[in-house]
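Please work through the following exercises with the sequence and the three-dimensional model at hand. Each task is followed by a solution in steps.

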Amino acid sequence: MTDQTCGLVAVLGAPNAGKSTLVNALVGQKVAIVSPKAQTTRTRLMGVAIEGDAQILLVDTPGIFEPKRRLDRAMVSAAWGGTEGADILALVVDAKGGLKDKVTEIAEAIATRPEPKYLILNKVDLADKAKLLLHAERLNGLAPFAETFFVSASTGDGLPELKAHFAKAMPVGPWHYPEDQVSDATERALAAEVTREQLYLQLHAELPYASAIETEQYNEREDGSVEIHQQIMVERPTQRAIVLGKQGARIKEIGARARAELSNIMGRPVHLYLHVKVRPGWDDERDMYREMGLDWVE
């Protein structure tokens, strides 16, 4: 159809700006995991939103921060890599948290990029209203933003207007994905992400950032259900004990919640088996980066 439009919006920003929540809200269902923990998103993921004849490909990227180790460098590389080929760069800012150095650095870094740039001040429902215009003014002084939006991804405020502007900006061209597809992630990758989300949500500050999910088996059963075996990687025996919980209660709860969510997302029964493995230095193994969908960065 010649009246169809389709384009790519790179959603970028500092950690905890609410990028994944925003992408999920614009798509209309969950495609990216969300938690209060900083740097929850580790690799680029595409959510597919529809608005009239426009298909909007929203690339959710890891938060951009000062990398201290190899995994950090790989995540920041993935974030900037997710902006390649974009039709729009959308800088999402935590309006409640204010303009930290990293936010202004990102704005300055994209200032000379040729793509149209949108500034999205998120979490306006929680922000100091008197400071919102000051934040917008300062950031617009650092980069030539074509549009500025004040939204709350969690409540939906301002999202219809933002989505409509994205749709109008999409170039003419056929849709890249079927109408019922909401993400470019495979079910195998999604399963690992959902389990990781439950780790973050249930363990909060108890489990350090250094944990990962490795899928050992992913099998389709004859009855249409899915059997998934996953390893939860931690660096120390004390972390393994935290994940297991007293008499295995914590890992059972993590598995039960992840299984229920995956069954709902996939629309079929899921048999999920979790194991915890102590694997010091897993974040320096090339295979783990391939498993997470990240490039190896020296």
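The exercises below concern a predicted model, and they proceed from the whole chain to single residues.

**Exercise 1. The overall fold**

Determine how many helices and strands the protein has, and assess its compactness from the radius of gyration.

Solution.
- Step 1: The protein contains nine helices and nine strands.
- Step 2: Its radius of gyration is 20 Å, and the globule rule gives 19 Å for 298 residues. Because these values are close, the protein is as compact as a globular protein of that length.
- Step 3: Along the principal axes, the C-alpha atoms occupy a box of roughly 55 × 45 × 35 Å.
- Step 4: Of the 298 residues, 52% count as buried. The accessible surface amounts to about 13,600 Å², and carbon and sulfur atoms account for 51% of it.
- Step 5: Consider contacts between residues at least 6 apart in sequence: 71% of them join residues at least 24 apart.

**Exercise 2. The surroundings of strand β3**

Establish which strands are joined to β3 by bridges, and in which direction each pair runs.

Solution.
- Step 1: Strand β1 (residues 5-12) is joined to β3 by seven bridges, and the two run parallel. Within this pairing, V11 has D60 as its bridge partner.
- Step 2: Strand β2 (residues 45-51) is also joined to β3 by seven bridges, but here the strands run antiparallel. D60 is the bridge partner of L45.
- Step 3: β2 and β3 form a hairpin with two residues between the strands, in which G52 adopts a positive phi near 65°.
- Step 4: Inspect the cover of β3, residues 54-60: seven of its seven residues are buried. A54, I56, L58 and D60 point to one side, whereas Q55, L57 and V59 point to the other.

**Exercise 3. The nonpolar cores**

Identify the members of the largest nonpolar core that touch the most other members, and the elements that supply the core.

Solution.
- Step 1: The largest nonpolar core has 30 residues, of which L91, V93, L139 and F145 touch the most other members.
- Step 2: At least two residues of this core come from each of β1, β2, β3, β4 (88-94), α3, β5 and α4 (129-142).
- Step 3: Take L139 as an example. Leaving aside residues up to four places away in sequence, L139 touches V93, L99, V103, A107, L119, L121 and F145.
- Step 4: A second core, separate and made of 27 residues, has A32, I88, L159 and M170 among its members.
- Step 5: As background, nonpolar side chains in soluble globular proteins tend to be buried together.

**Exercise 4. Two polar residues**

Decide whether E115 is buried or exposed, and do likewise for Q239.

Solution.
- Step 1: E115 lies in the loop between α3 (101-110) and β5 (117-122).
- Step 2: The cut-off for a buried residue is under 20% relative accessible area. E115 has 13% relative accessibility and therefore counts as buried.
- Step 3: The side chains of E115 and R113 are joined by a polar contact of 3.0 Å. Beyond residues up to four places away in sequence, E115 touches T83, A86, D87 and L89.
- Step 4: Q239 belongs to helix α7 (residues 237-244). Its relative accessible area is 2%, so Q239 is buried.
- Step 5: Between Q239 and V278 the C-alpha to C-alpha distance is 8.2 Å, although 39 residues separate them in sequence.

Conventions. Residues numbered from 1 in each chain as written. Predicted model: local features only at pLDDT ≥ 70, side-chain atom pairs only at ≥ 80, totals over all residues. Heavy atoms only, no water. Helix = DSSP H or I, 4+ residues; strand = E, 2+ residues; numbered from the N terminus. Buried < 20%, exposed > 50% of the residue type's maximum accessible area, 1.4 Å probe, protein only. Polar contact = N/O pair within 3.5 Å; in protein donor to acceptor, adjacent residues only side chain to side chain. Contact = heavy atoms within 4.5 Å. Pairing = 2+ DSSP bridges. Core = buried A, V, L, I, M, F, W, Y, C linked by side-chain atoms within 4.5 Å. Rg over C-alpha atoms; globule rule 2.2 N^0.38 Å. Areas by Shrake-Rupley, 256 points an atom, 1.4 Å probe, with all protein chains shown as cover.
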